[in-house]
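Subject: Structure handover

Hello,

The sequence and structure follow below. My notes come after them.

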Amino acid sequence: MDYEITIIVPIYNAQKYIRKCIDSILKQTYKNFQLILINDGSTDKSLEICKEYKELDNRVKLISKVNEGVSIARNVGIKNAEGDYIVFIDADDYIEKNYLEKLIQNKKYDFVMCSYKECLDGKIKKIVIHTETEFCNNQEVKNMVSFKDIINSLGVPWMKMFKRDIIYKNSILFKENISYGEDTIFVLEYLANCQNAKILSDSLYNYNITEGSLSRKYIINIKDKLDNIIEVLQKNKYSRKTININVFRNIRTIIFNERLTEYRYFYISCIESNQIIKNNKLKINEVVLDKKGLIIYIFLRLQLYYALYLIIRKGKMKHNSLGGKMKSIGIVTINDNDNYGNRLLNYATQEVLKQNGNKVVTLKNNSIINSKDKFILRLVKYQIKNIKKRCKKKSRRNIDFEKFNENIVFSKKYITPYSKIYKKYDYFITGSDQVWNPKFGRLRDVDLLSFAKPEQRIAFSASFAIAQLPEECKNKAKKELEKFKAISVREDRGKEIVEELTERKDVQVLVDPTMLLTPEEWDKVAKKPEQLKTDKYILNYFLGEMSEERKKEIERIAKENNCEIINILDKNSPFYQTGPSEFLYLEKNAFLICTDSFHSSVFAILYNRPFVVFDREDSNEKMNSRLDTLLKKFKLENRWYKDKITEEQLQVDYKESYIILEEERKKAKEFLENAIK
């Protein structure tokens, strides 16, 4: 028979609970499953009970073996599984009748997990309900391990459904040579190979708190216990945030399991006999402590807090596998509230840095007060400009930009070259936009992080966006760029400029940070414009002027393909009154994108849309170096507009580009990991 689900139940001396467990399985509303009972050398009547059920139902398979532990028992079950999906149930637990049905309804996901109830002697003591959530790519699945809502539920194999193919292809089994964290490691290794996941809010699994589950003893030392779990986190490239949270959780578990074992039986006895609490006894979380127990409890609490202090405050422990402390990072980038590119860049940089567990704040700055030169005069000009801005009525476009900015954490005050904030942050990152373009009033003191210590300065995908620096800028740029701890730029010419100025040999060319987020991650902040009434349109995004010849060519393509034309930067267009979220939606759904913009090209690639890149016509000095780098890097030089839009340019085949993109993402993340240490 072709089973869709295999249920694996390891059993050791579970005669008190096993009937309820098996009955709850055989009474499921979903019927197409195989049940494997693994008798792990039980010395009570568990084996006899299992034999009864094997005779009653041909879906039941019984394997009896010598006692070797739960990990080996589960692995035996995995090797004998015939179903496409695998579910683990502990022998002292039981499930709701629609448990399998709910799981299999979500079989399109690589990993499915439900909520659960904690029971004691058949009575429900606690209901744990997770927020129903979907995770749409591998990085999101890995980050899921850090979510407080579900973190304590991920370290066990029960209440979950796994795909057998993923387990087999990646040789994922329970570690048989360790006695702590083997189930957590199994789940972490599995999640590292998942492309999506689903968390259900339904409490369908009943976890029974028994003496056996409470009094389990561990015989390996604290360092080994932590290393077993942290090793698999690092091997599978989980984020530092995930590693730190797991260290926190496991130190807490280890301390209590390690030191309270001799009092465990006393606690259980108090609960089971319902002893009256008198005199010097204290009840904490269903555990009754006498005076001696209370003293130890307090002592262990203090140990726990000290351990957490070392992790969170000092980033230290006696071994170096904790992933370090959370870093505080200030971003310096262009804050103009009128440009899609810099807002999306700002957001992307923040999110990439947050993925490694860092605390990230964008430091408000303004090109007028970025320089020490004539600072007082500049400050007065800034205040006058600010007053005029406040008096001016906000447009719908401004409102949409401000709405998008709610996704970004900003500093409360604007920074200046004289700001003394270097003590508040571990690192400062400049870049991810044209922060070094003097034509825009940038490349001044704040943009070069002159207020920070050299070891705090990092340039991340910074852009000059011009081929040559003006002579008057070179001395300052040389002096400050030499002090940076690490420098990466966004275009090949930018690397050459830095090397010519400083003779540095460590400058890297990285992709734009917007490319480090997946389309699914961008969809979280995308929004359909209210003005959009058509399903087929050409998106024009031109920062420079557009000649009549080009307009006619785009109109020709629109007419031939029955498309409307949206000129998003035309102030007379209703689409001008849209923010970055709406821009993302328009890029994602366009029939064709015509642009002279770097970021419009980036999102066309990310969203797999056809696009044509036009030379900037109205610039005295060409600003195409970023676009040159982008198209060459991803082997898309055929996207340049020559004399007409070709049939080839209306098609998309970015397979080679996406392979390159994955390598570039790794390169960028390695740069950040090495710089932020």
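Which residue of strand 3 does Ile38 stand opposite? The partner of Ile38 is Ile63. Before the rest, two remarks on the basis. This is a predicted model, in which local features need pLDDT of at least 70 and side-chain atom pairs count only at pLDDT 80 or more, while totals for chains, interfaces and linings use all residues. Residues are numbered from 1 along each chain as its sequence is written, and side-chain values use heavy atoms, with hydrogens and water left out.

Strands 2 and 3

Strand 2 (residues 33–40) and strand 3 (residues 60–65) run parallel and are joined by six bridges. Strands (E, at least two residues) and helices (H or I, at least four) are DSSP runs, numbered from the N terminus; two strands pair if DSSP finds at least two bridges between them. From strand 2 the chain passes through helix 2 (residues 46–56) to strand 3, a right-handed β-α-β crossover (with the strands pointing away from the viewer, the path from the first strand over the helix to the second runs clockwise).

Helix 2 also takes part in a salt bridge (a side-chain nitrogen of Lys or Arg within 4 Å of a carboxyl oxygen of Asp or Glu). Arg19 and Glu52 meet there at 3.2 Å, N to O. Arg19 lies in helix 1 (residues 18–26) and Glu52 in helix 2, 33 residues apart, and the pair links distant parts of the chain. The whole structure has 34 salt bridges.

The seven-stranded sheet

Seven strands make an open sheet with parallel pairing, in the order 15-14-13-16-17-18-19. Strand 15 (410–414) and strand 19 (508–509) are the edge strands, each pairing on one side only. Two bridges connect strand 14 (residues 359–364) with strand 15 in the parallel sense, and Lys364 has Tyr414 in strand 15 as its bridge partner. Helix 13 (residues 340–355) packs on this sheet, touching strands that include strand 13 (328–332), and its direction makes about 165 degrees with that of strand 13. Contact means heavy atoms within 4.5 Å; axes are lines fitted to C-alpha atoms, for helices over the stretch in contact, with angles from 0 to 180 degrees between N-to-C directions. Helix 17 (residues 492–502) touches strand 18 (486–489) and strand 19, at about 145 degrees to strand 18.

The four-stranded sheet

Another open sheet has four strands in the order 21-20-22-23, again with parallel pairing. Strand 21 (564–567) and strand 23 (611–613) each have a single partner strand, so one side of each is left without a neighbour in the sheet. Strand 20 (residues 537–541) pairs with strand 22 (residues 592–595) over four parallel bridges, and Asn540 stands opposite Cys594. Helix 20 (residues 580–589) lies across strand 20, strand 21 and strand 22, at about 130 degrees to strand 20.

Regards
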